[in-house]
Amino acid sequence: MAKLQLRIGDLRKRKKMAQKELADALGIAVQTVSKWENDVCMPDISMLPDIAAFFQVTVDELLGLRPLPGEEYIPVKSGEKDYWDARLDYLKACRRSFWNEDYLQFLVDKVWKIKEPVRILDCGCGFGYMGMLLLPLLPEGSSYTGIDFSENMIEAAQKAFRETSCQGTFICDDFRTHPFHRQFDLVISQAAMRHAGNAEEFLKKMISLTKSGGMVAVIDVNREFESDGFYVDGMDYRELCDRNGFQKMWQKELLYQDRDYAVGMRLPVMMVKAGLLSVDVRMNDRVSFVYPEKEDYAETVDDLLTEKQWRKAASAEEEEQQIQGFLNHGMDRKDAEGYCRKQRKIQTFMEENRNDLRYLQFRGLLVSYGWKK
């Protein structure tokens, strides 16, 4: 059973009514309204339809099982620098399982056919991970520029490049508004459009910074693929894949802030409409199969726990905050609570079996690319 969270107080305040006015309208004592709003007791079940009708909401909305109509939408902050300043560890943890180097070499040599040195711009470069992967695979003389609005990410990128033989230039600014004074041979973005929002404008800016005959490449996700791409031996795969109302949330995020859960699927069409030539799509072939006998087992499990926030169980207060966020983004309470229960179950399983896990993770990253006229 989902937890009930009576919204009478919120609805009363929306109408700018005093508790006594509401009590008089419902024909009850003002003390009863006070008890409802302070969770001392609940209305009699027979009264719920009348109270809901008075406020012009459904009973589910009255009981906090669904968000109230017209409730102010609180955007996800993933398109802002402060959000990423605090997520360096998360980004490092998930990026280490993004690519098989031989497949990236295949893209460079056989698919993109890069034979001459190129100037690369990495849009939303994070800590420069894509640059460190690409530069050793490209013709000698190639150069790399990374731009990201997070100071922490840029500092980490500069440090990482100093510790390798890679040479790079880094800009701390918002890619979408930075005044560039040159164009590039290859303009690339990895797992940034989903978070930035307004993918079409992001793509147009990438194209504007690409020289004639140059290439635009975008690596991004389809959240449906990602949800299906996790299996743990000893757990119910159907439960692991259950969306738990996420489709509703993704659709609301798309509607309210243009944060596209399926941007990886839509990008090739956007590229064609934007005028790119020879547009095509590949799927990143990386599948992480992890088991105790693997050489990097402990590090890989650590990365997964960091990425998924499974190192410790959320407190009751933290969980309720998360549920309220889900409700604000279109989930109903039953689905939100179901998701939190699933996270607790996975976290407990991971903790109890830390040294004997066998799991498979497939991100389903789509690689879309095309050439500028």
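Q: Which element supplies the largest share of the lining of the second largest pocket, and how many residues does this element give?

A: The helix α17 supplies the largest share, namely five residues of the lining. The model under discussion is a predicted one.

Q: How is such a pocket to be read, and what is the volume of the second largest pocket?

A: The general idea is that a probe the size of a water molecule, rolled over the atoms, shows where empty space is left. In this structure, the volume of the second largest pocket is about 280 Å³. Its lining consists of 19 residues, and those closest to the centre of the pocket are S97, R286, S288, D296 and T300.

Q: Which elements each supply at least two residues of this lining?

A: Four elements do: α7 (88-95), β8 (287-290), α17 (297-308) and β9 (359-362).

Q: How many cavities of 30 Å³ or more are there, and how much space lies in the largest cavity?

A: A cavity differs from a pocket in that the probe fits inside but cannot get out. The count here is two cavities of 30 Å³ or more. The largest cavity holds about 370 Å³ of space. Among its 27 lining residues, C123, G124, C125, D148 and A192 are the closest to its centre. Two or more lining residues come from each of α7, β1, α9, β2 (143-148) and α11.

Q: The helix α7 has now appeared twice. Which of its residues are buried, and what covers them?

A: A residue is called buried when its relative accessible area is under 20%. In α7, this applies to L88, L91, A93, C94 and R95. The general idea for a helix is that it has 3.6 residues a turn, so residues three or four places apart point the same way. The cover over the buried residues of α7 includes α6 (81-85), α9 (129-134), α10 (151-162), β4 (184-190) and α17. The helix α7 thus contributes to the lining of the second largest pocket and to that of the largest cavity.

Q: Which residues of helix α12 are buried, and what covers them?

A: In α12, which spans residues 199-208, the buried residues are A199, F202, L203, K205, M206 and I207. Their cover includes β1 (119-123), β4, α11 (193-196), β5 (210-220) and α16 (263-273). The strand β4 is also part of the cover over the buried residues of α7.

Q: How is a single residue to be placed? Where is I51 found, and which residues does I51 touch?

A: One may ask in turn for the element, the accessibility and the contacts. I51 is found in helix α4. I51 counts as buried because its relative accessible area is 0%. Leaving aside residues up to four places away in sequence, I51 touches I8, L26, W36, P43 and L62. Its C-alpha atom is 50 Å from that of I219, and the two residues are 168 residues apart in sequence.

Q: Are E61 and R333, which carry charged side chains, buried or exposed?

A: Both are buried. E61, found in helix α5 (residues 59-62), counts as buried because its relative accessible area is 14%, and the cut-off is 20%. With residues up to four places away in sequence left out, E61 touches R7, R66, P67, L68 and P69. R333 belongs to helix α19 (residues 333-352), and its relative accessibility is 0%. The C-alpha atoms of R333 and K211 are separated by 50 Å, with their positions 122 residues apart along the chain.

Q: Which sign does phi have at K16 and D39, and where do these residues lie?

A: K16 is not a glycine, yet its phi is positive, at about 55°. K16 lies in the loop between α1 (8-14) and α2 (19-26). D39 likewise is not a glycine and has a positive phi, of about 60°; D39 lies in the loop between α3 (30-37) and α4 (48-55). A residue is exposed when its relative accessible area is over 50%. K16 is therefore exposed, at 74%, and D39 is exposed, at 62%.

Q: What describes the protein as a whole, and how many helices and strands are there?

A: The protein has 19 helices and ten strands. Its C-alpha atoms fill a box of roughly 80 × 50 × 35 Å along the principal axes. Of its 373 residues, 50% count as buried. Among contacts with a separation of 6 or more, 76% join residues 24 or more positions apart. The accessible surface is about 18800 Å², and 49% of that surface belongs to carbon and sulfur atoms. There are 53 positive and 60 negative side chains, with the centres of the two sets 3 Å apart.

How values were computed:
Residues are numbered from 1 along each chain as its sequence is written. This is a predicted model: local features need pLDDT of at least 70, side-chain atom pairs count only at pLDDT 80 or more; totals for chains, interfaces and linings use all residues. Side-chain values use heavy atoms; hydrogens and water are left out. Buried means under 20% relative accessible area, exposed over 50%, partly exposed in between (1.4 Å probe, protein chains only). Contact means heavy atoms within 4.5 Å. Accessible areas come from the Shrake-Rupley method with a 1.4 Å probe; for residues, only the protein chains shown count as cover. Lys and Arg count as positive and Asp and Glu as negative; His and the chain ends are not counted. The place of a charge is taken as NZ of Lys, CZ of Arg, CG of Asp or CD of Glu. On a 1 Å grid over the protein atoms alone, a cavity is a set of points where a 1.4 Å probe fits but cannot get out, and a pocket is an open set with protein on both sides within 12 Å along at least five of seven lines; lining residues have an atom within 4 Å of a point. Grid points are joined across faces, edges and corners, and a volume is the space filled by probe spheres set on the points.
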